[in-house]
Amino acid sequence: MTAARLTIDLDALAHNHAVLRAAAGAAEIAPVVKADGYGLGAGPIARRLWAEGARDFFVARLSEGEALRAALAEREATIFVLDGLTQGAAPRLAAARLTPVLSSLAQVEAWTGPAALHFDTGMNRIGIDAGQADEAARLARSLDLALVMSHLSCAAEPDHPRNAAQLERFETVRRAFPGVRASLAASAGIFLSEAYRFDLARPGISLFGGGPREVPDDRFRAVARLDAPILQVRDLKAGDSVGYGGMFTADRPMRIAVLAAGYADGILRGTHARGFASIGGRRAPYVIVSMDMIAVDVSGHGAVAVGDRVELLGAEVLLDDLAAAGNTVAHECLTRLNARAGRVYRGETLT
Ligand SMILES: *Cc1c(COP(=O)(O)O)cnc(C)c1O
(Lines give C-alpha, C1' and ligand atoms only; values in the text may rest on other atoms or scores of the structure.)
Protein backbone atom coordinates (compact mmCIF):
# COMPACT_ATOMS: atom_id res chain seq x y z
CA MET A 1 0.00 0.00 0.00
CA THR A 2 1.65 3.22 -1.14
CA ALA A 3 -1.23 5.62 -0.53
CA ALA A 4 -3.74 6.63 2.11
CA ARG A 5 -6.15 3.88 3.11
CA LEU A 6 -9.53 4.03 4.81
CA THR A 7 -10.30 0.94 6.87
CA ILE A 8 -13.92 0.51 7.98
CA ASP A 9 -14.26 -1.79 10.96
CA LEU A 10 -17.75 -3.27 10.91
CA ASP A 11 -17.09 -5.20 14.13
CA ALA A 12 -16.60 -1.83 15.84
CA LEU A 13 -19.89 -0.70 14.24
CA ALA A 14 -21.63 -3.76 15.71
CA HIS A 15 -20.12 -2.95 19.11
CA ASN A 16 -21.40 0.64 18.95
CA HIS A 17 -24.82 -0.62 17.88
CA ALA A 18 -24.92 -2.88 20.95
CA VAL A 19 -23.90 0.03 23.22
CA LEU A 20 -26.72 2.17 21.79
CA ARG A 21 -29.19 -0.68 22.10
CA ALA A 22 -28.34 -1.10 25.76
CA ALA A 23 -28.56 2.66 26.37
CA ALA A 24 -31.90 2.96 24.56
CA GLY A 25 -33.64 0.43 26.81
CA ALA A 26 -36.98 -0.60 25.30
CA ALA A 27 -36.65 1.78 22.33
CA GLU A 28 -35.70 0.29 18.97
CA ILE A 29 -32.50 1.49 17.31
CA ALA A 30 -33.17 2.68 13.74
CA PRO A 31 -29.78 3.53 12.22
CA VAL A 32 -29.36 6.74 10.23
CA VAL A 33 -27.23 5.94 7.17
CA LYS A 34 -27.72 9.15 5.18
CA ALA A 35 -24.91 10.61 3.05
CA ASP A 36 -23.79 7.11 2.08
CA GLY A 37 -23.54 5.95 5.68
CA TYR A 38 -21.76 9.12 6.87
CA GLY A 39 -19.30 8.60 4.02
CA LEU A 40 -18.39 5.05 5.05
CA GLY A 41 -20.61 3.13 2.61
CA ALA A 42 -24.34 2.78 3.35
CA GLY A 43 -24.54 -0.72 1.80
CA PRO A 44 -21.93 -2.56 3.89
CA ILE A 45 -22.95 -0.55 6.99
CA ALA A 46 -26.66 -1.33 6.67
CA ARG A 47 -26.12 -5.01 5.78
CA ARG A 48 -24.03 -5.48 8.90
CA LEU A 49 -26.55 -3.60 11.06
CA TRP A 50 -29.34 -5.77 9.61
CA ALA A 51 -27.32 -8.82 10.70
CA GLU A 52 -27.15 -7.20 14.16
CA GLY A 53 -30.95 -6.92 14.23
CA ALA A 54 -31.71 -3.46 12.80
CA ARG A 55 -34.92 -3.42 10.70
CA ASP A 56 -35.69 0.31 10.21
CA PHE A 57 -33.23 2.72 8.56
CA PHE A 58 -33.19 6.45 7.77
CA VAL A 59 -31.65 8.25 4.80
CA ALA A 60 -31.97 11.91 3.77
CA ARG A 61 -32.33 11.86 -0.03
CA LEU A 62 -34.64 9.86 -2.28
CA SER A 63 -31.61 8.65 -4.28
CA GLU A 64 -30.00 7.40 -1.05
CA GLY A 65 -33.17 5.45 -0.32
CA GLU A 66 -33.15 3.86 -3.77
CA ALA A 67 -29.48 2.91 -3.41
CA LEU A 68 -30.07 1.47 0.06
CA ARG A 69 -33.07 -0.60 -1.13
CA ALA A 70 -30.82 -2.12 -3.82
CA ALA A 71 -27.96 -2.70 -1.36
CA LEU A 72 -30.25 -4.48 1.10
CA ALA A 73 -31.44 -6.82 -1.69
CA GLU A 74 -34.20 -9.11 -0.42
CA ARG A 75 -34.04 -7.92 3.21
CA GLU A 76 -37.45 -6.42 4.03
CA ALA A 77 -36.19 -3.31 5.81
CA THR A 78 -38.29 -0.18 6.29
CA ILE A 79 -36.38 2.73 4.76
CA PHE A 80 -37.47 6.20 5.87
CA VAL A 81 -36.58 9.13 3.57
CA LEU A 82 -36.19 12.29 5.65
CA ASP A 83 -36.63 14.63 2.67
CA GLY A 84 -40.23 13.44 2.40
CA LEU A 85 -42.43 13.85 -0.65
CA THR A 86 -40.22 16.02 -2.84
CA GLN A 87 -41.30 17.10 -6.33
CA GLY A 88 -41.80 14.13 -8.64
CA ALA A 89 -40.76 11.65 -5.93
CA ALA A 90 -44.05 9.76 -5.54
CA PRO A 91 -43.55 7.07 -8.23
CA ARG A 92 -39.94 6.50 -7.23
CA LEU A 93 -40.82 6.24 -3.52
CA ALA A 94 -43.47 3.67 -4.39
CA ALA A 95 -41.24 1.72 -6.78
CA ALA A 96 -38.47 1.34 -4.18
CA ARG A 97 -40.98 0.80 -1.33
CA LEU A 98 -39.60 3.78 0.60
CA THR A 99 -41.39 5.48 3.48
CA PRO A 100 -41.30 9.29 3.15
CA VAL A 101 -41.05 11.41 6.28
CA LEU A 102 -43.69 14.03 5.46
CA SER A 103 -42.96 17.54 6.67
CA SER A 104 -45.96 19.64 5.56
CA LEU A 105 -49.74 19.35 5.49
CA ALA A 106 -49.58 19.60 1.67
CA GLN A 107 -47.39 16.48 1.59
CA VAL A 108 -49.80 14.65 3.91
CA GLU A 109 -52.68 15.47 1.56
CA ALA A 110 -50.73 14.42 -1.53
CA TRP A 111 -49.50 10.99 -0.35
CA THR A 112 -51.43 7.81 0.34
CA GLY A 113 -48.91 5.05 1.13
CA PRO A 114 -46.83 4.24 4.21
CA ALA A 115 -45.41 7.40 5.83
CA ALA A 116 -43.91 9.06 8.87
CA LEU A 117 -44.72 12.61 9.98
CA HIS A 118 -42.01 15.04 11.04
CA PHE A 119 -43.13 17.80 13.44
CA ASP A 120 -41.12 20.90 14.20
CA THR A 121 -40.88 21.36 17.97
CA GLY A 122 -38.33 24.17 18.08
CA MET A 123 -35.44 23.53 15.72
CA ASN A 124 -37.16 25.59 13.01
CA ARG A 125 -35.57 23.68 10.19
CA ILE A 126 -38.10 21.25 8.72
CA GLY A 127 -41.39 19.80 9.87
CA ILE A 128 -45.10 20.37 10.31
CA ASP A 129 -45.78 23.03 12.95
CA ALA A 130 -46.49 21.38 16.29
CA GLY A 131 -49.66 23.50 16.50
CA GLN A 132 -51.04 21.74 13.39
CA ALA A 133 -50.96 18.26 14.94
CA ASP A 134 -54.75 17.82 15.07
CA GLU A 135 -55.16 18.96 11.47
CA ALA A 136 -52.31 16.63 10.41
CA ALA A 137 -53.92 13.73 12.29
CA ARG A 138 -57.19 14.30 10.43
CA LEU A 139 -55.45 14.40 7.03
CA ALA A 140 -53.29 11.40 7.92
CA ARG A 141 -56.31 9.09 8.14
CA SER A 142 -55.76 8.21 4.48
CA LEU A 143 -52.12 7.24 5.15
CA ASP A 144 -50.53 4.11 6.48
CA LEU A 145 -48.88 5.99 9.35
CA ALA A 146 -45.75 4.25 10.69
CA LEU A 147 -44.19 6.92 12.88
CA VAL A 148 -44.49 10.43 14.33
CA MET A 149 -41.14 12.13 14.92
CA SER A 150 -39.29 15.34 15.75
CA HIS A 151 -35.64 16.33 16.08
CA LEU A 152 -33.79 17.96 18.99
CA SER A 153 -31.60 21.00 18.40
CA CYS A 154 -29.52 21.04 21.63
CA ALA A 155 -29.34 17.42 22.77
CA ALA A 156 -25.53 17.46 23.01
CA GLU A 157 -25.99 19.98 25.85
CA PRO A 158 -28.01 18.07 28.46
CA ASP A 159 -28.75 21.15 30.55
CA HIS A 160 -30.02 23.28 27.69
CA PRO A 161 -33.61 24.38 28.47
CA ARG A 162 -34.68 23.81 24.84
CA ASN A 163 -34.50 20.03 25.38
CA ALA A 164 -37.33 20.05 27.92
CA ALA A 165 -39.30 22.57 25.85
CA GLN A 166 -39.07 20.38 22.74
CA LEU A 167 -39.97 17.27 24.73
CA GLU A 168 -43.08 18.96 26.09
CA ARG A 169 -44.17 20.11 22.63
CA PHE A 170 -43.56 16.63 21.21
CA GLU A 171 -45.67 15.07 23.99
CA THR A 172 -48.51 17.37 22.94
CA VAL A 173 -48.14 16.38 19.27
CA ARG A 174 -48.11 12.73 20.19
CA ARG A 175 -51.49 12.95 21.92
CA ALA A 176 -53.04 13.57 18.50
CA PHE A 177 -51.71 10.17 17.30
CA PRO A 178 -52.71 7.49 19.81
CA GLY A 179 -51.18 4.10 19.05
CA VAL A 180 -48.65 5.45 16.53
CA ARG A 181 -44.95 4.87 17.24
CA ALA A 182 -42.96 7.96 18.20
CA SER A 183 -39.32 9.05 17.82
CA LEU A 184 -37.43 12.09 19.13
CA ALA A 185 -33.82 11.08 19.90
CA ALA A 186 -30.75 10.93 17.66
CA SER A 187 -27.39 9.84 19.17
CA ALA A 188 -27.28 12.60 21.77
CA GLY A 189 -30.97 12.38 22.72
CA ILE A 190 -30.65 8.72 23.72
CA PHE A 191 -28.37 9.82 26.56
CA LEU A 192 -30.57 12.66 27.89
CA SER A 193 -33.06 10.55 29.85
CA GLU A 194 -35.62 7.81 29.40
CA ALA A 195 -38.35 10.36 28.59
CA TYR A 196 -36.63 11.26 25.31
CA ARG A 197 -36.37 7.71 23.95
CA PHE A 198 -39.99 6.88 23.02
CA ASP A 199 -40.42 3.85 20.73
CA LEU A 200 -37.58 4.34 18.28
CA ALA A 201 -34.25 6.21 18.38
CA ARG A 202 -32.37 7.42 15.29
CA PRO A 203 -28.62 7.40 16.00
CA GLY A 204 -26.08 8.19 13.31
CA ILE A 205 -22.76 9.53 14.52
CA SER A 206 -22.38 7.35 17.64
CA LEU A 207 -22.76 4.21 15.51
CA PHE A 208 -19.62 5.43 13.76
CA GLY A 209 -17.71 6.19 16.96
CA GLY A 210 -18.57 9.83 17.63
CA GLY A 211 -19.36 10.68 21.24
CA PRO A 212 -22.99 11.72 21.81
CA ARG A 213 -21.80 14.87 23.60
CA GLU A 214 -19.38 15.77 20.78
CA VAL A 215 -16.37 14.83 22.93
CA PRO A 216 -14.55 11.48 22.93
CA ASP A 217 -16.57 8.78 24.71
CA ASP A 218 -14.70 5.53 25.33
CA ARG A 219 -17.86 3.44 25.28
CA PHE A 220 -17.76 3.80 21.49
CA ARG A 221 -15.11 2.33 19.20
CA ALA A 222 -13.61 3.98 16.12
CA VAL A 223 -15.22 2.60 12.94
CA ALA A 224 -13.17 4.60 10.42
CA ARG A 225 -9.39 4.46 10.37
CA LEU A 226 -7.44 6.59 7.92
CA ASP A 227 -3.74 5.94 7.63
CA ALA A 228 -1.08 7.06 5.16
CA PRO A 229 2.59 6.28 4.49
CA ILE A 230 5.48 8.66 5.09
CA LEU A 231 6.81 10.01 1.75
CA GLN A 232 9.82 11.82 3.16
CA VAL A 233 11.54 12.68 6.46
CA ARG A 234 13.19 16.09 6.66
CA ASP A 235 15.32 17.94 9.22
CA LEU A 236 14.60 21.66 9.64
CA LYS A 237 16.80 24.38 11.09
CA ALA A 238 15.35 27.16 13.21
CA GLY A 239 13.91 29.71 10.77
CA ASP A 240 13.11 27.21 7.97
CA SER A 241 9.57 27.56 6.59
CA VAL A 242 7.30 24.77 5.37
CA GLY A 243 4.61 24.83 2.70
CA TYR A 244 2.84 27.45 0.57
CA GLY A 245 3.54 31.01 1.66
CA GLY A 246 5.83 29.67 4.35
CA MET A 247 2.75 28.71 6.31
CA PHE A 248 4.82 27.30 9.15
CA THR A 249 8.22 28.48 10.38
CA ALA A 250 10.34 26.33 12.69
CA ASP A 251 11.38 28.15 15.89
CA ARG A 252 13.95 25.44 16.70
CA PRO A 253 15.59 22.51 14.93
CA MET A 254 12.89 19.98 14.09
CA ARG A 255 12.34 16.74 12.24
CA ILE A 256 9.20 16.47 10.16
CA ALA A 257 7.58 13.57 8.33
CA VAL A 258 5.62 14.30 5.14
CA LEU A 259 2.59 12.01 4.72
CA ALA A 260 0.79 10.93 1.55
CA ALA A 261 -2.60 12.38 2.54
CA GLY A 262 -4.04 15.86 2.48
CA TYR A 263 -7.23 17.84 2.43
CA ALA A 264 -8.14 16.16 -0.87
CA ASP A 265 -8.50 12.97 1.20
CA GLY A 266 -10.88 14.76 3.55
CA ILE A 267 -8.62 15.95 6.37
CA LEU A 268 -9.90 19.52 6.75
CA ARG A 269 -7.26 22.15 6.04
CA GLY A 270 -8.44 24.11 9.07
CA THR A 271 -7.07 21.38 11.38
CA HIS A 272 -3.47 22.45 10.76
CA ALA A 273 -2.93 24.36 14.01
CA ARG A 274 -4.37 21.80 16.43
CA GLY A 275 -4.47 18.47 14.60
CA PHE A 276 -2.15 15.54 15.21
CA ALA A 277 -1.35 12.14 13.75
CA SER A 278 -0.21 9.03 15.61
CA ILE A 279 2.90 6.99 14.83
CA GLY A 280 3.18 3.77 16.80
CA GLY A 281 0.92 5.19 19.51
CA ARG A 282 2.85 8.46 19.81
CA ARG A 283 1.38 11.83 18.84
CA ALA A 284 2.89 13.82 15.97
CA PRO A 285 1.38 17.35 15.81
CA TYR A 286 0.47 18.72 12.37
CA VAL A 287 2.86 21.26 10.87
CA ILE A 288 0.98 21.97 7.64
CA VAL A 289 -2.01 20.48 5.80
CA SER A 290 -1.94 20.84 2.02
CA MET A 291 -3.91 19.16 -0.76
CA ASP A 292 -1.90 15.96 -1.10
CA MET A 293 0.51 16.14 1.82
CA ILE A 294 0.43 16.68 5.56
CA ALA A 295 3.68 17.40 7.40
CA VAL A 296 3.85 16.32 11.04
CA ASP A 297 6.38 17.01 13.77
CA VAL A 298 8.31 13.85 14.64
CA SER A 299 11.09 15.57 16.62
CA GLY A 300 12.26 13.18 19.31
CA HIS A 301 10.31 10.24 17.87
CA GLY A 302 13.37 8.06 17.29
CA ALA A 303 13.35 5.90 14.19
CA VAL A 304 10.79 7.16 11.68
CA ALA A 305 11.25 5.98 8.10
CA VAL A 306 9.86 6.51 4.62
CA GLY A 307 7.03 4.03 4.10
CA ASP A 308 6.04 3.82 7.78
CA ARG A 309 2.27 4.12 8.12
CA VAL A 310 0.80 6.89 10.22
CA GLU A 311 -2.73 7.10 11.65
CA LEU A 312 -4.69 10.25 10.81
CA LEU A 313 -8.03 9.06 12.21
CA GLY A 314 -8.90 5.98 14.25
CA ALA A 315 -8.44 4.54 17.73
CA GLU A 316 -5.47 6.84 18.48
CA VAL A 317 -6.64 9.96 16.68
CA LEU A 318 -10.26 10.10 17.78
CA LEU A 319 -12.96 11.48 15.53
CA ASP A 320 -14.07 14.05 18.11
CA ASP A 321 -10.48 15.25 18.60
CA LEU A 322 -10.05 15.68 14.84
CA ALA A 323 -13.37 17.55 14.70
CA ALA A 324 -12.30 19.86 17.55
CA ALA A 325 -9.01 20.56 15.75
CA GLY A 326 -11.00 21.59 12.69
CA ASN A 327 -13.50 23.61 14.70
CA THR A 328 -16.29 21.40 13.43
CA VAL A 329 -18.37 18.33 14.27
CA ALA A 330 -17.56 14.65 13.80
CA HIS A 331 -20.30 14.43 11.16
CA GLU A 332 -18.37 16.80 8.87
CA CYS A 333 -15.03 15.01 9.39
CA LEU A 334 -16.52 11.66 8.38
CA THR A 335 -18.50 12.88 5.41
CA ARG A 336 -15.44 14.62 3.93
CA LEU A 337 -13.57 11.31 3.63
CA ASN A 338 -13.75 10.34 -0.01
CA ALA A 339 -12.77 7.89 -2.68
CA ARG A 340 -9.13 8.91 -3.08
CA ALA A 341 -8.04 6.83 -0.12
CA GLY A 342 -8.50 3.14 -0.95
CA ARG A 343 -11.18 1.42 1.13
CA VAL A 344 -10.99 -1.81 3.07
CA TYR A 345 -13.90 -3.32 5.04
CA ARG A 346 -13.39 -5.55 8.07
CA GLY A 347 -16.19 -7.84 9.21
CA GLU A 348 -18.31 -7.47 6.08
CA THR A 349 -21.59 -9.34 5.68
CA LEU A 350 -21.50 -10.50 2.08
CA THR A 351 -24.51 -10.17 -0.29
C1 LIG B 1 -28.90 13.20 10.87
C2 LIG B 1 -30.14 12.94 11.67
C3 LIG B 1 -30.13 12.03 12.74
C4 LIG B 1 -28.85 11.38 13.25
O5 LIG B 1 -28.13 12.32 14.01
P6 LIG B 1 -26.75 11.96 14.76
O7 LIG B 1 -26.37 13.22 15.44
O8 LIG B 1 -25.77 11.61 13.70
O9 LIG B 1 -27.03 10.82 15.67
C10 LIG B 1 -31.32 11.72 13.34
N11 LIG B 1 -32.48 12.33 12.96
C12 LIG B 1 -32.52 13.23 11.96
C13 LIG B 1 -33.81 13.86 11.61
C14 LIG B 1 -31.34 13.58 11.30
O15 LIG B 1 -31.39 14.51 10.33
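I count a residue as near the ligand if one of its heavy atoms lies within 4 Å of it. The model I consulted is predicted.

**Entry 1: the ligand shell**

I looked up which residues surround the ligand and found 14 of them. Those that come nearest are Lys34, Tyr38, Ser187, Gly204 and Ile205. I then sorted the shell by class and noted seven nonpolar, four polar and three charged residues.

**Entry 2: location**

I asked where the ligand sits, and I recorded the largest pocket as its site.

**Entry 3: polar contacts**

I listed polar side-chain atoms facing the ligand's oxygen and nitrogen atoms. For Lys34, which I had already noted among the nearest residues, a polar side-chain atom lies 2.8 Å from an oxygen atom of the ligand. For Arg202, I read 3.0 Å between an N or O atom of the side chain and a nitrogen atom of the ligand. For His331, the entry is 2.9 Å, from a polar side-chain atom to an oxygen atom of the ligand. I next looked up the accessible area: the ligand taken alone exposes 390 Å², and the protein buries 89% of that.

**Entry 4: strand E1**

I turned to strand pairing and began with E1, which covers residues 5–9. Which strand pairs with E1 in the parallel sense? I found E19, residues 342–346, joined to E1 over five bridges. Within this pairing I located Leu6 opposite Arg343.

I also noted that E1 pairs in the antiparallel sense with E11, residues 224–236, over four bridges. There I looked up Arg5 and found that its bridge partner in E11 is Asp227. I therefore record E1 as paired with E19 in the parallel sense and with E11 in the antiparallel sense.

Conventions
Residues are numbered from 1 along each chain as its sequence is written. This is a predicted model: local features need pLDDT of at least 70, side-chain atom pairs count only at pLDDT 80 or more; totals for chains, interfaces and linings use all residues. Side-chain values use heavy atoms; hydrogens and water are left out. Two strands pair if DSSP finds at least two bridges between them. Helices (H or I, at least four residues) and strands (E, at least two) are DSSP runs, numbered from the N terminus. A polar contact is a pair of N or O atoms within 3.5 Å; within protein, one must be able to donate a hydrogen and the other to accept it, and residues adjacent in sequence count only if both atoms are side-chain atoms. Accessible areas come from the Shrake-Rupley method with a 1.4 Å probe; for residues, only the protein chains shown count as cover. On a 1 Å grid over the protein atoms alone, a cavity is a set of points where a 1.4 Å probe fits but cannot get out, and a pocket is an open set with protein on both sides within 12 Å along at least five of seven lines; lining residues have an atom within 4 Å of a point. A molecule sits in a cavity or pocket if more than half of its atoms lie within 2 Å of its grid points. Ala, Val, Leu, Ile, Met, Phe, Trp, Tyr, Cys and Pro count as nonpolar, Asp, Glu, Lys and Arg as charged, and the others, Gly among them, as polar.
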